Amino acid sequence: VKDLLEVRLNLVVAHEFGHQLEFVLSQATQEKIKDLYRDQKKRCDKLHPLPEEYAGAAELVPQQQIDKRVFVSGYARSTHHEYWAE
């Protein structure tokens with residue numbers, strides 16, 4: 001999408017470790033993560049709504065607003081599991 005960027009990070013080991021760590025979290029902690037993710041996604045949808053022509057789900061921001069992005073990377077916006085791993 002013209003003039004919009006998706007921030008991507010290449011922290012594969014840390015990301016995959018995050019997924020493994022999620023398995024040992026208490027149910028209450030997992031629910032808290034889901035709540036945090038939902039709140040962040042609502043905030044992202046308000047601040048950086050996706051263009052209609054964009055078929056993806058990543059957070060897209062203008063270059064001058066990269067420091068104001070909501071998620072660590074666009075991929076973290078896809079599910080609460082990816083949000084936690086990021």
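Here are some short exercises on this predicted model, each with a worked solution.

**Exercise 1: Getting an overview**

Find how many helices and strands the protein has, and in which pattern they follow one another.

*Solution.*
Step 1. Count the elements: the secondary structure comes to three helices and two strands.
Step 2. Walk along the sequence, and you meet them in the pattern β-α-α-β-α.
Step 3. Now look at the overall dimensions. Along the principal axes, the C-alpha atoms fill a box of roughly 40 × 25 × 25 Å.
Step 4. Look at the inside and the outside. Of the 86 residues, 29% are buried. The accessible surface is about 6,000 Å², and 55% of that area belongs to carbon and sulfur atoms.
Step 5. Finish with the contacts. Take those between residues at least 6 apart in sequence: 65% of them join residues at least 24 apart.

**Exercise 2: Checking the length of a helix**

Work out what span helix α2 should have, and compare it with the distance between its end C-alpha atoms.

*Solution.*
Step 1. Helix α2 covers residues 27–47, which is 21 residues.
Step 2. The expected span is 1.5 Å times one less than the number of residues. For α2 this gives 30 Å.
Step 3. The end C-alpha atoms of α2 are 30 Å apart, so the two values agree.

**Exercise 3: Two sides of α2**

Decide which residues of α2 are buried and which are exposed.

*Solution.*
Step 1. Recall the cut-offs: buried means under 20% relative accessible area, and exposed means over 50%.
Step 2. The buried residues of α2 are Ile33, Tyr37, Gln40 and Cys44.
Step 3. Look down the axis of α2: its buried residues fall within an arc of 70°, so they line one face of the helix.
Step 4. A general rule helps here. An α-helix has 3.6 residues a turn, so residues three or four places apart point the same way.
Step 5. Turn to the other side of α2, where Gln27, Ala28, Lys42 and Lys46 are exposed.
Step 6. Ask what lies over the buried residues of α2: the cover includes α3 (80–85).

**Exercise 4: The same question for α1**

Find the buried residues of α1 and the elements they pack against.

*Solution.*
Step 1. Helix α1 runs over residues 12–22.
Step 2. Its buried residues are His15, Gly18, His19 and Glu22.
Step 3. Seen down the axis of α1, these buried residues fall within an arc of 100°, so they line one face of the helix.
Step 4. The buried residues of α1 pack against α2 and α3.
Step 5. The face turned away from the buried side carries the exposed residues Val13, Ala14, Phe17 and Gln20.
Step 6. Phe17 also belongs to a nonpolar surface patch of about 470 Å², made together with Leu21, Phe23 and Val24. Leu21 lies in α1, and with a relative accessible area of 33% Leu21 is partly exposed.

**Exercise 5: Following the charges**

Count the salt bridges, then find out which parts of the chain the pair Arg77 and Asp45 ties together.

*Solution.*
Step 1. Start with the idea: side chains of opposite charge can pair when their charged atoms come close.
Step 2. A salt bridge needs a side-chain nitrogen of Lys or Arg within 4 Å of a carboxyl oxygen of Asp or Glu. The count comes to six salt bridges.
Step 3. Take Arg77 and Asp45, whose closest N and O atoms are 2.2 Å apart. Arg77 lies in the loop between β2 (61–62) and α3, while Asp45 lies in helix α2, so this pair ties together parts that are 32 residues apart in sequence.
Step 4. Check their surroundings. Arg77 is buried at 6% relative accessibility, whereas Asp45 is partly exposed at 33%.
Step 5. Salt bridges that share partners join Lys41, Asp45 and Arg77 into one network.
Step 6. Look at another pair: Glu6 and Arg8 form a salt bridge with their closest N and O atoms 3.2 Å apart. Glu6 is partly exposed at 26%, and Arg8 is exposed at 67%.
Step 7. Asp67 and Lys68 form a salt bridge too, with 3.9 Å between the closest N and O atoms. Asp67 counts as exposed at 61% relative accessibility.

How values were computed. Residues numbered from 1 in each chain as written. Predicted model: local features only at pLDDT ≥ 70, side-chain atom pairs only at ≥ 80, totals over all residues. Heavy atoms only, no water. Helix = DSSP H or I, 4+ residues; strand = E, 2+ residues; numbered from the N terminus. Buried < 20%, exposed > 50% of the residue type's maximum accessible area, 1.4 Å probe, protein only. Arc of directions from axis to C-beta. Contact = heavy atoms within 4.5 Å. Patch = residues over 30% accessible without salt bridge, like charges linked within 9 Å, V, L, I, M, F, W, Y side chains within 5 Å. Areas by Shrake-Rupley, 256 points an atom, 1.4 Å probe, with all protein chains shown as cover.
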